[in-house]
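User: Hi! I'm new to this one and would love a quick tour. Can we start somewhere in the middle and work outwards?

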Amino acid sequence: MGMKTKVALGAVVGLVVIGAVSANSGDGGGEAKSDNRTSAGAEEKPGGTGGNGASDAKPAEDKAAEKASQADRFKAFVEKNGTPSEKEAVAHVTKVQGAEEQNDVLDTADVYTDFTGGIMGEGMGPAKLIASAFADWKQSENGLVTVYDADGELLGNGNF
């Protein structure tokens with residue numbers, strides 16, 4: 001067997017090993033992040049009571065907060081804690097994705113706005129304000145928030 005053949009074979013074997021290792025790494029825990037059960041367990045009773053008969057009902061304010069979209073919660077946070085310029089910029093936010101799933105390893109979130117024109121349009125300046133306000137709202141060891149315009153074009157990004 002020639003030298004070139006040995007090198008090529010070694011490279012192929014190396015790529016297969018790397019592929020197998022990365023495919024098996026997955027998310028590691030095997031734990032489900034959400035509970036998709038369709039029936040009540042032994043400790044759960046229909047009607048919001050636990051096994052001990054106590055009510056598990058949450059206050060109406062908490063239920064409303066859970067039903068609000070990520071964008072609505074972000075806007076409410078900025079309305080309460082933001083500067084006037086941040087409030088004006090965040091008023092253009094239409095959708096927020098990825099703000100809930102954080103693991104402090106590589107957290108990413110996307111914020112969509114109603115600005116137009118991409119990076120050369122009117123939204124580039126406010127995008128930095130939106131990213132800054134997002135960093136005040138959510139904290140992560142290694143997070144990146146990206147702000148997009150109405151057409152899905154990149155406006156800006158920042159760490160959070």
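Analyst: Happy to! This is a predicted model. A good starting point is alanine 109, which stands opposite valine 145 in S5.

User: Which way do S4 and strand S5 pair, and over how many bridges?

Analyst: S4 and S5, the latter spanning residues 143–148, pair in the parallel sense over 6 bridges. Between the two, the chain passes through helix H5 (residues 124–137), giving a β-α-β crossover that is right-handed.

User: Nice. What about S3 and S4, how do they run?

Analyst: Strand S3 (residues 93–97) and S4 run antiparallel, with 4 bridges joining them. Glutamine 97, for instance, stands opposite aspartate 110 in S4.

User: Which residues of S4 are on the covered face?

Analyst: S4 covers residues 107–113, and Asp107, Ala109, Val111 and Thr113 make up its covered face. Thr108, Asp110 and Tyr112 sit on the uncovered one. That fits a general pattern: in a regular strand, side chains alternate between the two faces of the sheet.

User: OK, zooming out: what is the strand order in the sheet?

Analyst: The order is S3-S4-S5-S6, in an open sheet of 4 strands with mixed pairing. S3 and strand S6 (154–159) are the edge strands, each pairing on one side only. On average, neighbouring strands of this sheet are turned by 20° against each other, direction ignored.

User: And S5 with S6, parallel or antiparallel?

Analyst: Antiparallel, over 5 bridges between S5 and S6. One example is threonine 146, whose bridge partner in S6 is asparagine 157.

User: Let's switch to the helix. Which strands does H5 touch?

Analyst: H5 packs on the sheet and touches S3, S4, S5 and S6. The direction of H5 makes about 30° with that of S6.

User: How many residues does H5 have, and how far does it reach?

Analyst: H5 has 14 residues and reaches 20 Å from its first C-alpha to its last, close to the 20 Å expected at 1.5 Å a residue.

User: Which residues of H5 are buried?

Analyst: Those are Pro126, Ala127, Ile130, Ala131, Ala133, Phe134 and Trp137.

User: Why do the buried residues line one face of the helix?

Analyst: Looking down the axis of H5, its buried residues fall within an arc of 165°, so they line one face of the helix. As general background, an α-helix has 3.6 residues a turn, so residues three or four places apart point the same way.

User: Last one: what do the buried residues of H5 pack against?

Analyst: They pack against helix H3 (70–81) and helix H4 (84–90), along with S3, S4, S5 and S6.

Methods. Residues are numbered from 1 along each chain as its sequence is written. This is a predicted model: local features need pLDDT of at least 70, side-chain atom pairs count only at pLDDT 80 or more; totals for chains, interfaces and linings use all residues. Side-chain values use heavy atoms; hydrogens and water are left out. Buried means under 20% relative accessible area, exposed over 50%, partly exposed in between (1.4 Å probe, protein chains only). Two strands pair if DSSP finds at least two bridges between them. A crossover is right-handed if, with the strands pointing away from the viewer, the path from the first strand over the helix to the second runs clockwise. Axes are lines fitted to C-alpha atoms, for helices over the stretch in contact, and angles run from 0 to 180 degrees between N-to-C directions. Contact means heavy atoms within 4.5 Å. The expected span of a helix is 1.5 Å times one less than its number of residues. The arc is that of the directions from the helix axis to the C-beta atoms.
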